[in-house]
Amino acid sequence: MLKILLPVAGVAAAVIASTGFAAAERAVPIPAAKVDVPAAAGMQTAVFAGGCFWGMEAVFEHVKGVRGVTAGYAGGTRDTATYDAVSTERTGHAEAIKVAYDPRVVSYATLLRVYFSIAHDPTQLNRQGPDSGPSYRSAVFPQDARQAAVTRAYIAQLGAAKSFPRPIVTRIEQGGFFPAEAYHQNFYDRNPTHPYIVHWDKPKVAAFKVGFPTLYR
């Protein structure tokens with residue numbers, strides 16, 4: 001969680017030394033959801049947690065029909081929704097993103113498919129890539145009962161299909177979403193040469209483009 005506080009060179013060295021170079025990213029070929037939230041008029045929101053919010057934000061910003069992505073914290077309280085507090089791993093928060101999308105263009109279940117296939121690894125417990133701790137957990141925060149039902153059904157569908165070599169550990173949680181500090185917003189676009197972005201997130205965005213060419217923008 002403290003990667004941004006280290007010197008840029010130190011981030012790269014720490015990541016490589018502790019984990020080795022990342023394997024080539026690819027979208028996991030998973031089936032589309034059998035059930036979905038009916039399209040409704042107006043913008044809708046979805047909240048996902050799946051590791052560092054820089055990469056999650058970057059992937060969903062490239063999804064057709066997504067009108068905005070906000071990096072933030074979910075699962076804890078408003079007074080602990082700060083980077084320093086969440087870094088202690090004692091707040092209950094997860095790094096998360098809030099996705100504003102047009103359901104006439106992209107459905108909630110399609111967003112879930114991107115989330116499970118390429119935005120993160122849903123089989124990693126309390127970690128993603130080089131980052132570990134409960135703030136990096138895999139979790140969905142449904143915004144209403146329909147989203148919750150579709151999420152549960154899709155997790156069950158993927159499990160029955162054995163889409164992943166290990167069990168899905170994604171949690172379905174409740175709780176508010178609180179935007180992160182300004183310097184975390186659009187971090188991928190504003191810091192294209194940051195070693196963490198180059199090493200972990202650019203391959204993920206490229207893999208999304210290859211795996212979902214009709215969804216990529």
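This is a short tour of one structure, stop by stop, with something to select at each stop. The model is predicted.

**Stop 1: the sheet**

Start with the strands. Six strands form an open sheet, in the order S7-S6-S1-S3-S2-S8. The pairing in this sheet is mixed. Which strands stand at the edges? Select 171–172 for S7 and 177–179 for S8. Each of these two has a single partner strand, so one side of each is left without a neighbour in the sheet.

A reminder before you go on: strands of a sheet pair through backbone hydrogen bonds, either parallel or antiparallel.

**Stop 2: strand S1**

Select residues 44–50, which make up S1. Is S1 largely enclosed or left open? Of its 7 residues, 5 are buried, so S1 is largely enclosed by the rest of the structure.

Now look to its partners. S1 and S3 run antiparallel and are joined by 6 bridges. Pick Ala46 and find its bridge partner in S3, Val99. Then pick Ala49, whose bridge partner in S3 is Ala96.

Turn to S6, residues 138–140. S1 pairs with S6 over 3 bridges, in the antiparallel sense. Select Gly50 here, and you will find Ser138 of S6 opposite.

**Stop 3: strands S3 and S2**

Select residues 94–101 for S3 and residues 66–74 for S2. How many bridges link S2 and S3? They pair over 8 bridges, in the antiparallel sense. Two pairs are worth a click. Val66 stands opposite Tyr101 in S3. Ala71 has Ile97 as its bridge partner in S3.

Colour S3 by burial if your viewer allows. In S3, 6 of the 8 residues are buried, so this strand is largely enclosed by the rest of the structure.

**Stop 4: helices on the sheet**

Add helix H2, residues 53–61. Which strands does H2 lie across? H2 lies across S1, S2 and S3. The direction of H2 runs at about 165° to S2.

Next add helix H4, residues 108–119. H4 packs on the sheet too, where it touches S1, S2, S3 and S6. Its direction makes about 15° with that of S1.

**Stop 5: H2 against H4**

Keep both helices on screen and hide the strands. Two packed helices are described by the angle between their axes and the distance between the axes. For H2 and H4, the angle is about 130° and the axes are 11 Å apart. Why are H2 and H4 called oblique to each other? Their angle of about 130° is not under 35, not over 145 and not within 65 to 115 degrees, so the pair counts as oblique. H2 passes H4 in a right-handed crossing.

Show the side chains where they meet. From H2, select Met56, Val59 and Phe60. From H4, select Leu111, Val114, Tyr115, Ile118 and Ala119. By class, this contact has 8 nonpolar residues, with no polar and no charged ones.

**Stop 6: H4 against H5**

Swap H2 for helix H5, residues 145–160. H4 and H5 pack at an angle of about 45°, with their axes 11 Å apart. H4 and H5 are therefore oblique to each other. The crossing of H4 past H5 is right-handed.

Which residues of H4 meet H5? Select Tyr108, Ala109, Leu112, Arg113 and Phe116. On the H5 side, they meet Gln147, Val150, Thr151, Tyr154, Ile155 and Leu158. The contact of H4 with H5 divides into 8 nonpolar, 2 polar and 1 charged residues.

**Stop 7: two loop residues**

Finish in the loops. Select Asn126, in the loop between H4 and strand S4 (127–128). Its phi is near 55°, a positive value in a residue other than glycine. Is Asn126 buried, partly exposed or exposed? Its relative accessibility is 29%, so Asn126 counts as partly exposed.

Last, select Lys162, in the loop between H5 and S7. Lys162 has a positive phi of about 55°, although it is not a glycine. Lys162 is exposed, with a relative accessible area of 68%.

Technical notes:
Residues are numbered from 1 along each chain as its sequence is written. This is a predicted model: local features need pLDDT of at least 70, side-chain atom pairs count only at pLDDT 80 or more; totals for chains, interfaces and linings use all residues. Side-chain values use heavy atoms; hydrogens and water are left out. Axes are lines fitted to C-alpha atoms, for helices over the stretch in contact, and angles run from 0 to 180 degrees between N-to-C directions. Helices (H or I, at least four residues) and strands (E, at least two) are DSSP runs, numbered from the N terminus. A crossing is left-handed if the near helix is turned anticlockwise from the far one by less than a right angle, and right-handed if clockwise. Contact means heavy atoms within 4.5 Å. Ala, Val, Leu, Ile, Met, Phe, Trp, Tyr, Cys and Pro count as nonpolar, Asp, Glu, Lys and Arg as charged, and the others, Gly among them, as polar. Two strands pair if DSSP finds at least two bridges between them. Buried means under 20% relative accessible area, exposed over 50%, partly exposed in between (1.4 Å probe, protein chains only).
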